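I opened this one with no background and jotted down what I looked up, entry by entry. Here are my notes.

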Amino acid sequence: MWSSRRHLSHDYSAAWPLRLVLCALLSVAPLVAGAQRAFYVIGHDRNLAAGNYSLYPDSVSRKLTPAPAGKKPFYISHYGRHGSRYLNSRKGYDIPYNMMRKADSLHALTPIGRRVLNDLKDIIEDCEGRWGDLTGLGKRQHSRIAARMVKNFPEVFEGDAFIDARSTPVNRCVVSMGAAVQQLVRLNPRLQVTMNASKRDFVYLNHQDLELRDSMKSKRANDAYDEYASYRWSNPRLMSLLFVNPDSLRSVVTEKWLNYYLVMVSLIQQNTHMGVDKEFLLNLFTNEEIYRFWLNENAWWYMMHGFFALNGGHQPYTQRFLLRKIIEEADAAIRSNRHGANLRFGHETVVLPLACLLGINGYDFKTDDLSQLESHGWWASMVFPMAANIQLVFYRSGPDDDDVVFKVLLNEEEATLPIPTDIAPYYHWCDFREHYLKMIDAYDHR
């Protein structure tokens with residue numbers, strides 16, 4: 001069974017130029033059936049189906065549009081997800097492993113099934129004591145992102161520029177922050193750096209809105225998701241591949257969860273040193289099966305963090321406190337006449353709803369029909385790979401320039417916002433402030 005990783009050795013970023021294939025497919029929508037576009041992309045590189053386990057597109061070539069005449073970068077406001085990590089807990093591995101182990105005790109595994117059981121055992125042993133930890137690749141991702149910041153916007157980081165770096169007090173986020181800041185200081189030892197990882201910053205770095213969390217899985221939303229996803233969970237072909245007599249194992253093997261967790265386990269390995277060694281697991285699945293997994297995961301993330309009409313259509317407002325903080329700190333940087341950056345490190349459950357709240361690249365799409373997501377380009381995997389980040393890069397001609405402009409970068413690529421501009425891909429800061437403050441004020445006073 002073919003795998004795009006076969007010839008990649010340990011170059012974990014090599015697959016991401018295929019993101020250009022995705023862009024090409026999106027641009028020729030009339031030529032490619034809407035419901036099949038992601039299928040073709042996944043056919044080129046199955047690991048792109050990994051959603052929040054996808055690798056950061058380090059190797060994508062990014063062309064940046066020159067700034068309006070006379071404008072120079074002076075400030076960056078950033079929010080970044082931690083880099084590549086191990087699975088958060090044993091649960092995702094124990095569920096399929098325990099099913100396979102019980103089947104093995106009944107002498108019900110095929111030779112392929114026994115190899116899967118052994119691979120799962122190897123992976124669990126490798127992860128023991130590392131659950132949720134940043135991998136070496138995760139550190140390198142943030143180091144490279146920081147280096148490109150300096151390369152692309154040197155004026156922001158020159159001399160005694162300030163760097164205010166803050167992280168949620170979660171190990172993988174703190175280490176990601178450290179990797180980025182270490183690289184910045186390596187490139188300019190004169191930087192004035194402050195670093196914090198405090199629960200006090202949780203209110204905006206990883207806000208948990210109880211009202212919105214309670215409404216995520218409203219009955220209407222959950223029923224719609226179950227109807228959309230239910231027929232894709234089964235995989236009788238996989239069952240026949242792993243077990244001598246699958247029908248006799250219904251009391252010890254749950255087909256839905258075995259299929260789901262084996263796909264997930266196979267996809268997350270790209271973030272660890274086990275990625276190539278355990279390629280066998282990914283080769284268990286056909287492109288169609290991986291695509292079905294992606295469809296269900298994409299819809300689930302939309303229900304949880306997108307503008308899904310059936311749960312109230314407000315989930316992205318969980319990030320209104322972060323958006324206010326971004327505006328406040330940008331205003332302070334503009335007033336101070338200093339140059340530098342506010343760097344924030346957290347989680348995919350912030351990056352995705354923040355992108356939706358801002359309407360980056362049309363991710364503010366609102367629907368009650370989950371089948372519309374793919375054709376409208378609402379692909380969560382394109383927003384929040386490991387080390388995902390949103391950057392607002394600010395420009396002006398000098399301290400007395402009242403017309404501050406900026407552009408937004410999603411994973412270091414220029415992106416669009418749903419506000420008018422006469423200098424695309426740049427926007428006037430005053431327009432941004434007015435639009436988004438009015439929007440979140442209206443939500444707070446609804």
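**Entry 1: a tryptophan and its company.** I clicked on Trp429 and listed what it touches, skipping residues up to four places away in sequence: Ile327, Ala330, Asp331, Ile334, Leu392, Phe394, Val404, Val405 and Phe406. Note to self: this is a predicted model. Trp429 also turns up in the largest nonpolar core, which has 116 residues. Along with Phe243, Leu417 and Phe432, Trp429 touches the most other members there. Helix α13 (residues 287-305) gives this core its largest share, 10 residues. I also found a second, separate core of 24 residues, with Met149, Val181, Tyr395 and Leu409 among them.

**Entry 2: a polar residue in α13.** Next I looked at Asn296, which sits in helix α13. Is Asn296 buried or exposed? It is buried, at a relative accessible area of just 1%. I then checked what its side chain reaches, and found the backbone oxygen of Ala229 at 3.2 Å. Beyond its neighbours within four places in sequence, Asn296 is in contact with Tyr225, Tyr228, Ala229, Arg232 and Trp233.

**Entry 3: strand β5.** I went through β5 (residues 340-346) one residue at a time. Seven of the seven are buried, so the strand is largely enclosed by the rest of the structure. Gly340, Asn342, Arg344 and Gly346 point one way, while Ala341, Leu343 and Phe345 point the other. Which strands pair with β5? Strand β1 (residues 72-81) does, in the parallel sense, over seven bridges, and Tyr79 has Arg344 as its bridge partner. Strand β2 (residues 162-167) also runs parallel to β5, joined by six bridges; there, Asp164 is partnered with Asn342.

**Entry 4: salt bridges.** I got 27 of them in the structure. Asp164 came up again, bridged to Arg166 with the closest N and O atoms 2.9 Å apart. Asp164 counts as buried at 14% relative accessibility, whereas Arg166 is partly exposed at 22%.

Asp331, from my first entry, is another repeat: Arg433 forms a salt bridge with it, closest N and O atoms 2.8 Å apart. Arg433 lies in helix α16 (residues 429-444) and Asp331 in helix α14 (residues 320-336), so this pair ties together parts 102 residues apart in sequence. Asp331 is buried at 14%; Arg433 is partly exposed at 29%.

Last, I noted one network, where salt bridges with shared partners join Asp58, Arg62, Arg144, Arg148 and Glu412.

Key. Residues are numbered from 1 along each chain as its sequence is written. This is a predicted model: local features need pLDDT of at least 70, side-chain atom pairs count only at pLDDT 80 or more; totals for chains, interfaces and linings use all residues. Side-chain values use heavy atoms; hydrogens and water are left out. A nonpolar core is a set of buried Ala, Val, Leu, Ile, Met, Phe, Trp, Tyr and Cys residues joined through side-chain atoms within 4.5 Å. Buried means under 20% relative accessible area, exposed over 50%, partly exposed in between (1.4 Å probe, protein chains only). Helices (H or I, at least four residues) and strands (E, at least two) are DSSP runs, numbered from the N terminus. Contact means heavy atoms within 4.5 Å. A polar contact is a pair of N or O atoms within 3.5 Å; within protein, one must be able to donate a hydrogen and the other to accept it, and residues adjacent in sequence count only if both atoms are side-chain atoms. Two strands pair if DSSP finds at least two bridges between them. A salt bridge is a side-chain nitrogen of Lys or Arg within 4 Å of a carboxyl oxygen of Asp or Glu.
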